[in-house]
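Open the model in your viewer and keep the selection panel handy. Let's take a walk through it, one selection at a time.

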Amino acid sequence: MKKTKKMILRQSLQNRIVHWGVAVSTFMLIASGMFQMPVSKRYMINELPLMAWSGDYHISLIIHYIGAFGLIFFVAFHLFFHIARAEFDIFPKKGDGVKSLKIIKAMLFGGVEPKSEKYLPEQRLAYFFIGLVLLLLIITGLIKTAKNLAGWNLSEGLYFWSAQLHNLGMILIILGIIGHLAAFIFKANRPLLRAMFSGKVDANYIKERHSLWEKGVKMADKE
């Protein structure tokens, strides 16, 4: 009889909901933002089945606002919850840059990786980068929205630079997403993908690669 692998809970249901909430909201913002340029009509995306709406600026704008509301909600909830509980294990730590290079080198050319905690050092750096870009998009997006509200008189300079930084943020978040997904090209990272759906990873994987995560190792050793 085949022995069943012991699985350890690495990501709570709340973390998974926030993760996918941010992901879906971000994709909505990227798509609707591009459709407003207008990319849809230029490349005839609006002529594809079920995509006629993409050529309508007002519909794209509404979708953009819905995505923005979702993003702000999930980011605000995430920050408030983890700051209130003083949970900062996903925040970058001293030496993460060097450790990340060592891990990438080990995955590419073989060798022993540095021991890791619950999150790999490159995960913490990616979180910080994507987090900063999302905050940039939220702040500049709110400034751009305020320009359209009655009673708000923003200087042309502030609006211009907000628009430029917002566009830069869109490019950076796309690059960040590509880099985030590219991490799963490496076989060693693929067990972590399961955790964002089921929340669980193999106990042996925890003990081998995340041996500095005391809580995880204890759960892995527990009968």
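The tour goes from the domains to the contact between them, and then to a pocket and a cavity.

**Stop 1: the two domains.** Before you start, keep in mind that this is a predicted model. Select residues 10–85 and give them one colour: this is domain 1. Then select residues 97–222 and give them another colour, for domain 2. If you place a marker at the C-alpha centre of each domain, the two markers will be 17 Å apart. The contact between the domains draws on 18 residues of domain 1 and 27 residues of domain 2.

**Stop 2: the contact.** Stay with the two colours and look at where they meet. About 1,900 Å² is buried between domain 1 and domain 2, and carbon and sulfur atoms give 68% of that area. Now select Arg10, Gln11 and Arg16 and show their side chains. These residues supply 38% of the area that domain 1 buries against domain 2, more than any other three residues. How many salt bridges are there between domain 1 and domain 2? The count is 0.

**Stop 3: the second largest pocket.** Select Gln36, His64, Gly141, Lys144 and His166. Of the 26 residues lining the second largest pocket, these are the closest to its centre. The pocket has a volume of about 680 Å³. Where does it lie relative to the domains? Both domain 1 and domain 2 give residues to its lining, so the pocket lies between them.

Next, show the helices that contribute. At least two lining residues come from each of these:

- helix 1 (13–35)
- helix 3 (57–84)
- helix 5 (121–147)
- helix 6 (156–182)

Which helix gives the largest share of the lining? That is helix 3, with 8 residues. Colour the lining by residue class and you will find 16 nonpolar, 9 polar and 1 charged residues.

**Stop 4: the cavity.** In general, rolling a probe the size of a water molecule over the atoms shows where empty space is left. For this model, the count comes to 1 cavity of 30 Å³ or more, and the largest cavity has a volume of about 30 Å³. To find the cavity, select Lys99, Lys115, Ser116, Glu117, Pro121, Arg124 and Leu212, which line it. By class, this lining has 4 charged, 2 nonpolar and 1 polar residues.

Key:
Residues numbered from 1 in each chain as written. Predicted model: local features only at pLDDT ≥ 70, side-chain atom pairs only at ≥ 80, totals over all residues. Heavy atoms only, no water. 1 Å grid on protein atoms, 1.4 Å probe; cavity = no way out; pocket = protein on both sides within 12 Å on 5 of 7 lines; lining within 4 Å. Points joined across faces, edges and corners; volume = space filled by probe spheres on them. Nonpolar A, V, L, I, M, F, W, Y, C, P; charged D, E, K, R; others polar. Helix = DSSP H or I, 4+ residues; strand = E, 2+ residues; numbered from the N terminus. Domains from an automatic or database assignment. Contact = heavy atoms within 4.5 Å. Buried area = accessible area lost by both parts, 1.4 Å probe. Salt bridge = Lys/Arg side-chain N within 4 Å of Asp/Glu carboxyl O.
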